[in-house]
Amino acid sequence: MVIAEAVSLGSHHVTFEGDANAGPSSEEEDATGETEPELPLSEPPETVVNQDGSPDYGVSDDAPSSDSDRAASDRSHIAWNDRYKEARAFLFGSDEIEPDFEQALRLFREEAEDGNSLAMHDLGRMYADGLGVEIDTDTAFGWYVKALFAFEDIESVKENRYVEYRIGKMYAAGLGTEQDYEAAAGWFGEAVAKRHKYAQYSLAGLYFRGQGVEQSYETAFSLYLRAAVQHMPYADYELAKMYRDGVGTAVNSAESARHFKIAFQGFQQMEKQSRDDKLQYRLGQMLYTGTGTEKDVDAALGYFEKSARLGNVHAQYMLGRIYLDADSGHENAEQAVRWLTKSADGGNALAQYALGKLYRDGNHVEKDIQKAIAFFTSAAEQDNSYAAYAIGKLYLQEESIPKDVDAAIKWLEKSANLGNQFAQYTLAKLYLSGEDVPKDIPKALELFQKSAAQGNSFAQYRLGRLYLLGEDISKNVDVAIRWLTASAEQGNHYAQYALGKLYLLGEDAPKDVDTAIRWLTASAEHGNQYAQYALGKLYLTGREVPRDREAAIRWLTLSAEQGNIYARFFLDHSDSFRDPPLFLAATRLLHHLSRIFREEQERLPGGPRMQVESKLRRKIRQKKIAQGHAPDDHEQKLITY
């Protein structure tokens, strides 16, 4: 099997044997090239917050605060009265009392029936989050409709910046109305003109994301700064991120750290007053990540648990994430599944994706592909690209369900369009091979390029090979080297091997032995058996590098342990290379005799097979076995590039 390779050692060209399958297998790509991310942190959502710092509750210093300040309708009003305060205490709890959703619901309903628009809004939230009641989105929406109508009724009688801000918030969130960012920006703008700091913060978020207004990071930064000057911690938090990332301003690590610290301290003070779940969630997230304060997982868990009990789906997700993490010191699979389920039921896409993975893999729950697909679908419908990617892969590869190429392509394309580099890569391979879908080289090339541009080393490697081989697209060695180098620099040992081979052969690129050895060594150190074999052979024969028997044996051993038969041959006959001419002469003789026998057989097709004298045949067979070949070994095609 390796006679031709041994003979090639006496020639004047470098050969690379047996590497026709030197590229990554589908299994390896699934394991390393298309890795799903670890469960991500749930970044605090861009909430629109109220005057007391609570995203859903609060009263302004300039808002009506008692029954005497009702609007002319004598019905719709904002009242921060004793009954409403008591309802909030039951909702959030305090140092003295535990939350009592049933009492909160009763008191809010009494206030709402009396025309208090704040209570109407609170009832909408309780039904939406399932606090003290089953989640009922229709009833929740009905209460939000009443709240919005009441706020607009109050505003129609007398302009009030707090009411303008609350109306804008409902349009921004789509509460009691269709989501309308343009309308939200208009209402926020009215309040901003009156220097309302929470409206400044909310409008800044719209400018940052380009929702209802033309995107402008600079305008967003300016509005956040104006709100922060008025001691608004949420604005400090956003400013810190912009200073950190250099968005809308120059990068300034010191200012970023300062604003994170101010935000954390401000959130702490606000949480003591309001017990709001969104504040508790933010504090938990900052303590968990060590943002604006020292990292403290135990303290973070305390805040997350308070927030989660109030129905905060982001806190529920984070609890599930922490309890799943074996390295967190708080691993508790049962609690993890419970909190993730609550979060997923509340519509959190990250929790839905996490549960989908658990049911798909059978981790901590009984494996259930249908449940996995259901959770992945819910998350994917909220534009979670990894969930869409996961569904696509299941429909392509999962053995327990029928293969459904159309469904797979649908979800993979959704994921790819959302920018998922792994979906782009998977689709590109499908269109390149033309097995499950019609072959489409231009589309495959476009998807490989998109994935590669995001740093996918396997997509970069594939592009390099496509341009180097020039079979499906026009050959372009310069482009090939650029993509192979990008992949190799990320540690892709297939790209490293390809570059080493390219520079050692000196056919498609100028020969550069030093560069070739550097890339072959990098590939070999990453476990590539072909690079290990190539280095071993080079060091054993002294070809292109000084002979180094110790290095040769080390690399050949590593390659042979992975099943490389060429490496095994050289290991078994390494002593022969103490006198290479003698070894080559014996091997050439065997090669010559084998060729004579084959040519004679080919010369007489259909005639009697040439009979080899049994004694001579036996001697040749014994010599081949002594050289390390199997008794039925045949010469293999020499792969020379």
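This note sets out numbered points on the fold, the helix pairs and several individual residues of a predicted model.

1. Overall composition. The chain is built from 31 helices and has zero strands. Of its 641 residues, 52% count as buried. The accessible surface amounts to about 29300 Å², and carbon and sulfur atoms account for 48% of that area. When contacts between residues at least 6 apart in sequence are considered, 55% of them join residues at least 24 apart.

2. Helix 10 and helix 11. These two helices pack with their axes 8 Å apart, at an angle of about 140 degrees. Helix 10 is therefore oblique to helix 11, since an angle has to be over 145 degrees to count as roughly antiparallel. The crossing of the pair is left-handed. On the helix 10 side the contact is formed by Tyr 217, Phe 221, Tyr 224, Leu 225, Ala 227 and Ala 228, and on the helix 11 side by Ala 235, Asp 236, Glu 238, Leu 239, Met 242 and Tyr 243. Sorted by class, the contact of helix 10 with helix 11 comprises 10 nonpolar and two charged residues, with no polar ones.

3. His 231, in the loop joining that pair. His 231 is located in the loop between helix 10 (217-229) and helix 11 (233-245). Although His 231 is not a glycine, its phi is positive, at about 65 degrees. The relative accessibility of His 231 is 67%, so the residue counts as exposed.

4. Lys 197 and its partners. Lys 197 belongs to helix 9, which covers residues 197-209. With neighbours within four places in sequence left aside, Lys 197 is in contact with Ala 227, Gln 230, His 231 and Met 232. One of these partners, Ala 227, also takes part in the contact between helix 10 and helix 11, while another, His 231, is the loop residue with a positive phi. Lys 197 and Val 229 are 32 residues apart in sequence, and their C-alpha atoms are 8.9 Å apart in space. Lys 197 counts as partly exposed because its relative accessibility is 21%, and buried would require a value under 20%.

5. Glu 255 in helix 12. Glu 255 is part of helix 12, which runs over residues 253-274. A separation of 9.8 Å divides the C-alpha atoms of Glu 255 and Met 242, which stand 13 residues apart along the chain. Met 242 is among the helix 11 residues that meet helix 10. With a relative accessibility of 21%, Glu 255 counts as partly exposed.

6. Ser 307 in helix 14. Ser 307 lies within helix 14, residues 297-309. Its relative accessibility is 0%, and Ser 307 therefore counts as buried. Outside its neighbours within four places in sequence, Ser 307 is in contact with Asp 277, Gln 280, Tyr 281, Asn 312 and Ala 315.

7. Helix 17 and helix 18. The axes of helix 17 (residues 349-361) and helix 18 (residues 369-380) come within 8 Å and cross at roughly 160 degrees. Helix 17 is therefore roughly antiparallel to helix 18. Helix 17 passes its partner in a left-handed crossing. Helix 17 contributes Ala 349, Gln 352, Tyr 353, Leu 355, Gly 356, Lys 357, Tyr 359 and Arg 360, and helix 18 contributes Ile 369, Lys 371, Ala 372, Phe 375, Phe 376, Ser 378 and Ala 379. By class, nine nonpolar, three polar and three charged residues make up the contact of helix 17 with helix 18.

8. Helix 28 and helix 29. Helix 28 (residues 549-560) packs with helix 29 (residues 565-572) at an angle of about 135 degrees, the axes being 8 Å apart. The two helices are therefore oblique to each other. Helix 28 passes helix 29 in a left-handed crossing. Ile 553, Leu 556, Thr 557, Ser 559 and Ala 560 of helix 28 meet Ala 567, Arg 568, Phe 570 and Leu 571 of helix 29. This contact of helix 28 with helix 29 has six nonpolar, two polar and one charged residues.

9. Glu 544, ahead of helix 28. Glu 544 is placed in the loop between helix 27 (529-541) and helix 28. Glu 544 has a positive phi of about 75 degrees despite not being a glycine. Because its relative accessibility is 30%, Glu 544 counts as partly exposed.

Methods. Residues are numbered from 1 along each chain as its sequence is written. This is a predicted model: local features need pLDDT of at least 70, side-chain atom pairs count only at pLDDT 80 or more; totals for chains, interfaces and linings use all residues. Side-chain values use heavy atoms; hydrogens and water are left out. Axes are lines fitted to C-alpha atoms, for helices over the stretch in contact, and angles run from 0 to 180 degrees between N-to-C directions. Helices (H or I, at least four residues) and strands (E, at least two) are DSSP runs, numbered from the N terminus. Angles under 35 degrees count as roughly parallel, over 145 as roughly antiparallel, 65 to 115 as roughly perpendicular and the rest as oblique. A crossing is left-handed if the near helix is turned anticlockwise from the far one by less than a right angle, and right-handed if clockwise. Contact means heavy atoms within 4.5 Å. Ala, Val, Leu, Ile, Met, Phe, Trp, Tyr, Cys and Pro count as nonpolar, Asp, Glu, Lys and Arg as charged, and the others, Gly among them, as polar. Buried means under 20% relative accessible area, exposed over 50%, partly exposed in between (1.4 Å probe, protein chains only). Accessible areas come from the Shrake-Rupley method with a 1.4 Å probe; for residues, only the protein chains shown count as cover.
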